[in-house]
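Please look through the structure below, taking time over its surface and then its interior. The paragraphs that follow begin with a charged region and move on to pairs of aromatic rings.

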Amino acid sequence: MLGYDVVKVDGRNTLQISEEGAVIVRRIFDWFLQGMTMAEIARELINQGIKTSVGKDLWRGSTVKHILTNVTYTGNKLTRVRTKDLFTNKTTKHMRDEIAIENCHPPIISMQVFEQTQKRLEEIKPKRKSTGPKGNKHSLSGRMTCHRCGYRLNNYPTRRVNYWKCQASDIGACDFTSIREDRLREILLEGFKQKFDMTSNSVFDTAKKVLQKINQKDHFEFHRLRWMAELELAKEGKGELAKVEQAYKEFEQHIARIEDDRIFRNQTLSWLETVLNIEEFLETITIEQLRAWLMGAVIYSPDDYRIEWVDGTETIVGEMPNNLQKEEILESQSNKKFQKQQEHEPLYQIIDAEGHLKERSEESMQALMDREVIKIEPKKGQSMLKTIEKNLRDHPSSTTNQPVTKPLRTAAYCRVSTDREEQLTSYKTQVAYYTYLILKDPRYEFAGIFADEGISGKSLKNRTDFKKLMDECTRGNIDLILCKSISRFSRNTLETLKAVRLLKSLPRPVHIYFEKENIHTEDADSELLITIFGSIAQEESINIGNSIAWGKRSMAKRGIIKVGNANYGYRIGEKHQWIIHEEEAKVVRRIYAELQAGKNYTQIITGLTKDRIPSPKGKDVWSLSTVKGILQNVVYKGDYLYQKYITVDTLEEKTAPNEGELPQYYIEGHHEPIIAPEEWEKVQSIIQKRSEAFKQLNYQKYSKDQHKNSSFTENLYCGECGNVLGYERSLERRGSNGTKEINRWVCRLAEKYYAVNGCSSQRFHQDYLEKHFINLLKRLEQDETFQQEVERVIAQTVLSAQELKQEVEAQRRMEQLNQELYEAVDEELHKDGQDHQRVDALSEKIVKLHQQLKDFSDRKKLAEHYRNEFKELKKEIKKLNDETSQSFPADLFERFVEQATVYKDGKIVYHLSLGLEWSTDERYEDYQKMISLKRKAERHARRKEKQAEFLKGPEVIALLEYCEEPRRWGEILAFMNTKMTISESYFRKSIVLPLIEEGMLHKDFIPGSQSKRKYYMVKK
């Protein structure tokens, strides 16, 4: 490999650094860490005249990537990566357990450089969109060659059409122009026409015979054995080994191509049976079908090429000039040689000559704040200052009776419930006001502004900054919360009280001060006051909702319905009239027509999905509930049923079917129908009949599910498509042993077999998922690599010495700016003409510094969190290993696993709360084999048990009594058949031999007898 030579040390091969190659390897890593792409690195290597490890002039991005991802350059070795087939010489990867060997040879680059490289590779890795099953090669892959340079033609698929061009043309080393795939089909078809006489009526028979003849001769096991024998003879000195090996290599390359092509020959032979004439053949044949006769093609231009056929013949179309050699083409591209750079131009930028990272200056951290503090806008600064002045005058004292020994870490919570402009002004005013209020008061230490914009206060759902505020309080980072009023905090009294009690019960209690109501939760009567004022706010919210609903019902009485969104198939006009959307209406009519034609729901869903018709919600896959809803909705016959559903909880906005709680209003002829009323009624009749027929089948219902592992719900994701895994159960028949319930988890997209872009994943037994996690935990205790990885994550999270200095400086600067802001605001508020620009500038600087300090603080806490989690995980794993029970540790899964990604081969990658991902080499195939062996053992045990019971039965007891005297084989067989019908073989295997093994029956010669035949008798 590049950078190493293989040498013998103490009689064994080892790697020794080749300094010339090592310099190249280090340059590649250095270039990549500087920001160059792999394609740019490959181009630079070619320009410098550097050859690859196998002596080629052409570098590719994949060659560079192989070097960047090869752990061997760190001095370590990963063995058993590839497996070579003895007969075919084909190599496959990751078939066996791989073994990592550390420090087995000198490193070219450090592990730190390698890890930084892998990190950047992961960052620039494109997000692949699911385009179908992975690993599907094009049928012509590896069979097309450029005549100009001798390199392969590669396939470059795009959204509309595929292109083919050579590898050298990618870097401008060859002037081959790309060929569209439809043009390539024409090229191959023209060659086919020249090989076979298309005017002959027997052309199909001739073409078939070629394929059939090859199929009859493409089994080469005998020839391979002959070559293996010749190789052994050559190794013993009975032939020229090099020539034999070369001939064998050429033989394997040839037959491998023929064997790989059998699938194309079989498919084409089947297709030829359906072709009626030559015109249809020429019009419909595809590249995959032409591929059956094709062994390869060498192309100079779309008009000049040579095709090699499977029967060993060639067809040349046009003129094929003498091709340039690869070396000549690359030589014409550049005649540069690899040399060390001048002294003033360093050889490496990121790493040193030993392959270690150089010391680099700390990068300035970018402020990435999840919550945003909005500064006072320049155009509205004066009005903001006036608002602050007014609020400060009206602001009541929030002090408590207890003396303050140190500043309270104080945060503010702001919220407006709509996105209207006047509400946004209120929102920004709250932010500006509390920023200054906290910073100006010496009793307060600024702990942040938490603000939710355009969010309803009825519930705590979707209020991201409110949740962040509660998290900060739980971590002990806040002592006091300021809020304008109870209604700003929440309009739900119960949730307000829950939050207040939770904050007061923390190890370091947190209190809330509501300004408008002048309530401080540290006071004894605060909960009573919150209940009173909160109930008023909650009742206000409920009354507003009820008033709106009453107004809509009053309009419905008069036949007026105003809805924001119409049903699928309709649009709302300017005057609230319903207008048919013709494209969607066609889909609705199709659904009704297919049901009347006899299709069931599944067939309708399958058809809609396969035809790529988006569902009403814009999804690729239709659901059963959507189709049933369209078929049963009176909207499609032109009527409207108002208040079909009602709101049962105004605060939570929960709805339920209206079963008489409120009046319903049925409006006939409300809008133009998509389905005629008579047809709609006919469809309802069909649905009713099918429902009654299904009920008569009297299917057995599942019992209440008691086996679902709820820890997996919404925590398992498909590694193939990214969808969540759902739970399902079924009954599996076990012969005479009845049925057994099977609990499985399956990708929600994979179970929809009719999806066009479906998922190739499979179903997984819940037992496998549970055992996989248990086995992972057991291995972690002794896994040093895992411990090292956790320590690496922690080391990356903690602050460096430079960052600690930056933190101290930021704290000093923050104190200075706080004082400047206080003085500036105080000065401006007492001026006749207020100048807000200085206040704006200082506020902006403070917010940025606060964010920087928060980032530092968050990283410290995160590192401490990782340490504590790792400590707890080790403690829990030790407990688990000490226990004899193998039950699933649900508490550990829910605590330490944020989510798990399950791939179709059963590989599970756990995203741990320690900040890293981890997995094992356990696969679903191994589990299935284990289950199969277990069932086989159970069946064997049942047979043994049944046999043991039979040997104690009356028939065998009678046989033993009969054998008190010596008996010949024929006698005991005849006797047994008087008791039961039994064959000779079964009698010997199931009765006689077990009795002999148990020592109950004896087989021997009779003492003193002249007979040479053995007798059977009871052993005494």
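**From a charged surface to paired rings**

In this predicted model, R943 has a relative accessible area of 53%, and because exposed means over 50%, R943 counts as exposed. R943 is found in helix α29, and together with K936, R939, R942 and K989 it gathers in a patch of positive charge on the surface. Helix α29, which covers residues 924-951, gives the largest share of this positive patch, namely four residues.

The same helix, α29, also holds Y924, and here the picture turns from charges to aromatic rings. Y768 and Y924 form an edge-to-face aromatic pair, with 4.9 Å from centre to centre and 75° between the planes. Y768 lies in helix α24 (residues 766-780) whereas Y924 lies in helix α29, so the pair ties together parts that are 156 residues apart in sequence. Both partners are buried, since buried means under 20% relative accessible area: Y768 has a value of 0%, and Y924 has a value of 2%.

Y924 also pairs with Y927, and because their planes stand at 20°, with the ring centres 5.7 Å apart, this pair is stacked. Y924 and Y927 both lie in helix α29, three residues apart, which is about one turn of the helix. Y927, at 7% relative accessibility, counts as buried.

Elsewhere in the model, ring pairs link F712, Y727, W745, F773, F888, F893 and Y910 into a cluster. The count of aromatic pairs comes to 29.

Definitions and conventions. Residues are numbered from 1 along each chain as its sequence is written. This is a predicted model: local features need pLDDT of at least 70, side-chain atom pairs count only at pLDDT 80 or more; totals for chains, interfaces and linings use all residues. Side-chain values use heavy atoms; hydrogens and water are left out. Patches are made of residues with over 30% relative accessible area and no salt bridge: like charges are joined within 9 Å, nonpolar side chains (Val, Leu, Ile, Met, Phe, Trp, Tyr) within 5 Å. Accessible areas come from the Shrake-Rupley method with a 1.4 Å probe; for residues, only the protein chains shown count as cover. A salt bridge is a side-chain nitrogen of Lys or Arg within 4 Å of a carboxyl oxygen of Asp or Glu. Lys and Arg count as positive and Asp and Glu as negative; His and the chain ends are not counted. The place of a charge is taken as NZ of Lys, CZ of Arg, CG of Asp or CD of Glu. Helices (H or I, at least four residues) and strands (E, at least two) are DSSP runs, numbered from the N terminus. Buried means under 20% relative accessible area, exposed over 50%, partly exposed in between (1.4 Å probe, protein chains only). Rings of Phe, Tyr and Trp (its six-membered ring) pair if their centres lie within 6.5 Å; planes under 30 degrees apart count as stacked, over 60 as edge-to-face and the rest as tilted.
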